[in-house]
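Subject: Structure for your files

Hello,

Here is the structure I promised to pass on. Please have a look at it before reading my notes.

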Amino acid sequence: MHRSNYLTVTSNDHGLDILHIDNPYASASIALFGGHVLTFTPKHDGRPRLWMSEQAILDGSKPIRGGIPICWPWFGPHPSETGAPQHGYLRTLQWQLIQSSDTQTGTELLLEPSYTQASWFTSPCSVKLKVLVGCYLEVSLITRNGSQNPVQIGAALHSYLHVDDIHQVQIDGLTGVFIDKTADANIAQTPESYGIDAETDRVHLCRINDVSVRTHQLTQRLTQQGHDSVVIWNPWREKSQSMQDMADDGYLTMLCVEAAVTQGLTLEPGEQHSLTQSIY
Ligand SMILES: O=P(O)(O)OC[C@H]1O[C@H](O)[C@H](O)[C@@H](O)[C@@H]1O
């Protein structure tokens with residue numbers, strides 16, 4: 001196995017293994033629990049791009065609130081099984097590091113979950129997560145259908161962006177309609193001037209590749225591929241207060257911009273699909 005010169009591995013107080021990358025371009029950390037990118041800070045401006053909850057539970061008992069949770073093989077609640085976990089089960093599995101190497105664009109890591117089949121999803125699919133830590137962060141979730149039959153999946157790279165002040169946020173690049181999960185899944189039109197001033201949970205039904213989140217201090221550009229939706233989520237005050245792993249005012253400095261497959265993607269036998277998001 002190749003190993004990056006810029007990689008170190010530590011354990012946190014609860015025994016979770018954390019990969020740390022500190023290369024000429026950026027620093028980043030990834031928990032093997034969930035294959036979960038926790039932090040990413042490019043060195044050209046030193047500004048952390050990802051938000052992590054002050055009250056995130058980092059002991060392996062719950063999904064981690066912040067960074068980039070991996071949702072697979074469904075997004076949101078399971079379509080029929082009420083006992084199945086929200087957003088699938090990969091975000092609470094132990095993952096392994098398969099490979100790491102240094103390239104001209106940064107450090108590349110390849111991870112895979114310890115298993116992919118569960119009672120709610122018995123198809124033999126393989127999953128890998130490719131992470132590039134460079135001037136920008138690129139995360140690709142790669143699914144391969146290893147069965148003899150077509151398989152349907154959903155997925156998301158559920159990225160929590162750090163923003164200086166949610167009241168300043170303007171989202172650029174999204175157009176078309178969205179499903180408003182805060183209003184009985186009504187269909188609504190994306191506003192031209194897109195700010196956030198209340199609980200927001202919107203599934204934008206679009207394959208738009210380029211989205212930006214602007215505040216006075218920073219414009220964060222995100223690109224997506226392999227998605228059928230972009231999800232925008234901020235729980236706002238009341239929901240933040242009700243969440244054990246979020247500070248009451250946590251909503252003020254975060255915004256989720258998620259590259260997602262929410263409409264069901266069919267993979268033919270042997271077919272591979274990549275869901276990719278880059279954060280600049
Ligand atoms: O609390 P979680 O299971 O991590 O989900 C957090 C959020 O994820 C997505 O953005 C969904 O659209 C929301 O409905 C959900 O509340």
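Below is what was found in it.

This is a predicted model, in which local features need pLDDT of at least 70 and side-chain atom pairs count only at pLDDT 80 or more, while totals for chains, interfaces and linings use all residues. Residues are numbered from 1 along each chain as its sequence is written.

Overall fold. The chain has one helix and 20 strands (DSSP runs numbered from the N terminus: H or I of at least four residues for helices, E of at least two for strands). Its radius of gyration, taken over C-alpha atoms, is 18 Å, close to the 19 Å that the globule rule gives for 280 residues, so the chain is as compact as a globular protein of that length. The rule is 2.2 Å times the number of residues to the power 0.38.

Sheet. Eight strands make an open antiparallel sheet, in the order β6-β7-β8-β9-β20-β17-β16-β12; two strands pair if DSSP finds at least two bridges between them. β6 (95-102) and β12 (170-172) are the edge strands, each pairing on one side only. Within the sheet, β9 (residues 137-145) and β20 (residues 272-279) run antiparallel and are joined by eight bridges. L137 stands opposite I279 in β20.

Ligand. The residues around the ligand are P63, G76, Q86, H87, K181, D201, V231, W233, C256 and E258 (a residue is near if its C-beta atom, placed from the backbone, lies within 6 Å). β18 (229-234) and β19 (254-267) each supply at least two residues of this shell.

Regards
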